[in-house]
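The exercises below are meant to be worked through with the sequence and the model side by side. Please try each task before reading its solution.

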Amino acid sequence: MSRRISLTQYLVEQQRDHGRISPQLRLLLEVVARACKSIAISVNKGALGGVLGTAETENVQGEVQKKLDIIANEVLIEANEWGGALAAMASEEMDAIHVVPNRYPQGEYLLLFDPLDGSSNIDVNVSIGTIFSVLKKPGEQAGVSTEDFLQAGREQVAAGYCVYGPQTTLVITVGAGVAMFTLDREQGSWVLTEDQVRIPEDTKEFSINMSNVRHWDAPVKRYIDECLAGKEGPRGKDFNMRWIASMVADVHRILSRGGIFMYPWDKREPHKAGKLRLMYEANPMGFIVEQAGGAATNGRQRILDIAPEQLHQRVAVVLGSKNEVERVTAYHLDAAPQA
Ligand code: P6P
């Protein structure tokens with residue numbers, strides 16, 4: 001069992017003892033963690049807080065926004081503007097980047113987030129979450145632009161998510177492994193409950209939306225068919241399936257006990273490459289999964305090596321237990337180039 005230390009002590013040790021993070025980055029992560037506590041309180045109120053249902057507006061993705069999507073976005077923006085660690089923020093819920101107002105000092109970091117991932121689950125009381133990614137602003141020049149955000153995922157200096165479920169759990173990496181913190185509601189503090197999280201390299205559990213089977217590329221269909229064939233098939237073992245339709249919850253299960261999560265390329269919208277967003281879903285989750293000994297690809301290429309072209313670009317995602325992700329990659333390389 002890991003030492004039951006606070007998030008603050010963990011981050012101070014990462015800064016002071018391991019030299020892994022700067023004082024500015026430590027402050028930024030503390031503020032994001034505090035914002036997640038505020039979001040958790042709103043989420044947990046549900047109908048009592050008048051926060052369920054839609055907001056009658058659409059986001060840049062063309063998705064109808066839930067009231068809690070907007071609340072979570074505003075909490076993260078307001079919490080992170082004043083601290084002096086950030087130059088700008090980008091969010092799934094905002095078309096353009098949000099530059100820190102002139103009334104506050106500008107810092108060297110860029111924060112990207114999906115403020116409330118899994119929104120379709122909000123009104124039915126299923127786990128949802130906040131995903132965030134931290135980059136350094138490139139160059140020394142004053143000012144910040146959208147292009148400054150377009151860095152490959154391997155450039156991230158920190159990433160994390162908060163899952164609002166039976167427990168409220170914050171998962172963070174600063175590039176030295178993955179740590180999990182559980183919210184102690186009596187104290188109102190984050191307590192380290194697992195450090196150096198490891199994903200088993202093998203698994204018997206896959207996570208995919210099976211209703212899309214007719215739209216998948218051949219390698220994905222081959223992989224899933226073999227899982228479904230079970231003990232009598234080429235894999236020689238039975239598989240189980242889980243699909244919560246909330247990436248944060250599915251990824252948290254994989255970090256906790258292994259598994260493979262797939263949201264593959266889909267022939268319905270070939271130009272979109274996939275449903276999930278590269279910059280604030282696939283990249284942070286890919287960083288976390290790799291830091292826990294797993295793997296994350298788009299089926300063919302390491303997610304963290306993908307050179308972004310647009311802030312809201314989408315990507316296919318295959319992540320989790322290393323040996324399973326590598327098998328899916330092998331099937332893609334065996335097959336003809338993607339249609
Ligand atoms: P589907 C939630 O909307 C999300 O972006 C991810 O959190 C989740 O994994 C996926 O979409 C679910 O998609 O098509 O199964 O509803």
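Two strands are said to pair if DSSP finds at least two bridges between them, and the strands themselves are DSSP runs numbered from the N terminus. Please keep in mind throughout that this is a predicted model.

**Exercise 1.** Determine in which sense strand 9 and strand 10 pair, and describe the turn between them.

Solution. Begin by locating strand 9 at residues 178-184 and strand 10 at residues 189-194, and then follow their bridges, of which there are five, in the antiparallel sense. One place to check the register is T182, which stands opposite V191 in strand 10. Next, turn to the connection, where four residues lie between the two strands of this hairpin, and where G188 has a positive phi of about 75°.

**Exercise 2.** Place this hairpin in its sheet, and find which strands form the edges.

Solution. The sheet is open and consists of eight strands in the order 4-3-5-6-7-8-9-10, with mixed pairing. Its edges are strand 4 (98-99) and strand 10, each of which pairs on one side only. Further inside that order, strand 7 (residues 158-164) and strand 8 (residues 168-173) pair in the antiparallel sense over six bridges, and A159 is found opposite T173 in strand 8.

**Exercise 3.** Analyse the hairpin of strand 1 and strand 2 in the manner of the first exercise.

Solution. Strand 1 (residues 54-58) and strand 2 (residues 64-66) are joined by two bridges in the antiparallel sense, with E58 standing opposite V64 in strand 2. The strands of this hairpin have five residues between them, and G62 takes a positive phi near 80°.

**Exercise 4.** Work out the strand order of the five-stranded sheet, and examine how strand 11 and strand 12 pair.

Solution. The order is 12-11-13-17-15 in an open sheet whose pairing is mixed. Strand 12 (240-241) and strand 15 (295-297) are the edge strands, since each is recorded as pairing on one side only. Strand 11 (residues 205-207) pairs with strand 12 in the parallel sense over two bridges, and the bridge partner of E205 in strand 12 is N240.

**Exercise 5.** Describe where the ligand sits and which residues come nearest to it.

Solution. First, the ligand is located in the largest pocket. Second, 13 residues surround the ligand, and D117, N209, W243, M247 and Y263 come nearest; by class, this shell has six nonpolar, three polar and four charged residues. Third, strand 13 (260-263) and strand 14 (276-277) each supply at least two residues of the shell.

Finally, consider the polar contacts, for which the cut-off is 3.5 Å between N or O atoms. A polar side-chain atom of D117 is 2.7 Å from an oxygen atom of the ligand, and for a polar side-chain atom of N209 the distance to a ligand oxygen atom is 2.9 Å. With M247 the partner is a polar backbone atom, which lies 2.7 Å from an oxygen atom of the ligand. Of the 400 Å² that the ligand exposes when taken alone, the protein buries 83%.

Terms used
Residues are numbered from 1 along each chain as its sequence is written. This is a predicted model: local features need pLDDT of at least 70, side-chain atom pairs count only at pLDDT 80 or more; totals for chains, interfaces and linings use all residues. Side-chain values use heavy atoms; hydrogens and water are left out. A residue is near a molecule or strand if one of its heavy atoms lies within 4 Å of it. A polar contact is a pair of N or O atoms within 3.5 Å; within protein, one must be able to donate a hydrogen and the other to accept it, and residues adjacent in sequence count only if both atoms are side-chain atoms. Accessible areas come from the Shrake-Rupley method with a 1.4 Å probe; for residues, only the protein chains shown count as cover. On a 1 Å grid over the protein atoms alone, a cavity is a set of points where a 1.4 Å probe fits but cannot get out, and a pocket is an open set with protein on both sides within 12 Å along at least five of seven lines; lining residues have an atom within 4 Å of a point. A molecule sits in a cavity or pocket if more than half of its atoms lie within 2 Å of its grid points. Ala, Val, Leu, Ile, Met, Phe, Trp, Tyr, Cys and Pro count as nonpolar, Asp, Glu, Lys and Arg as charged, and the others, Gly among them, as polar.
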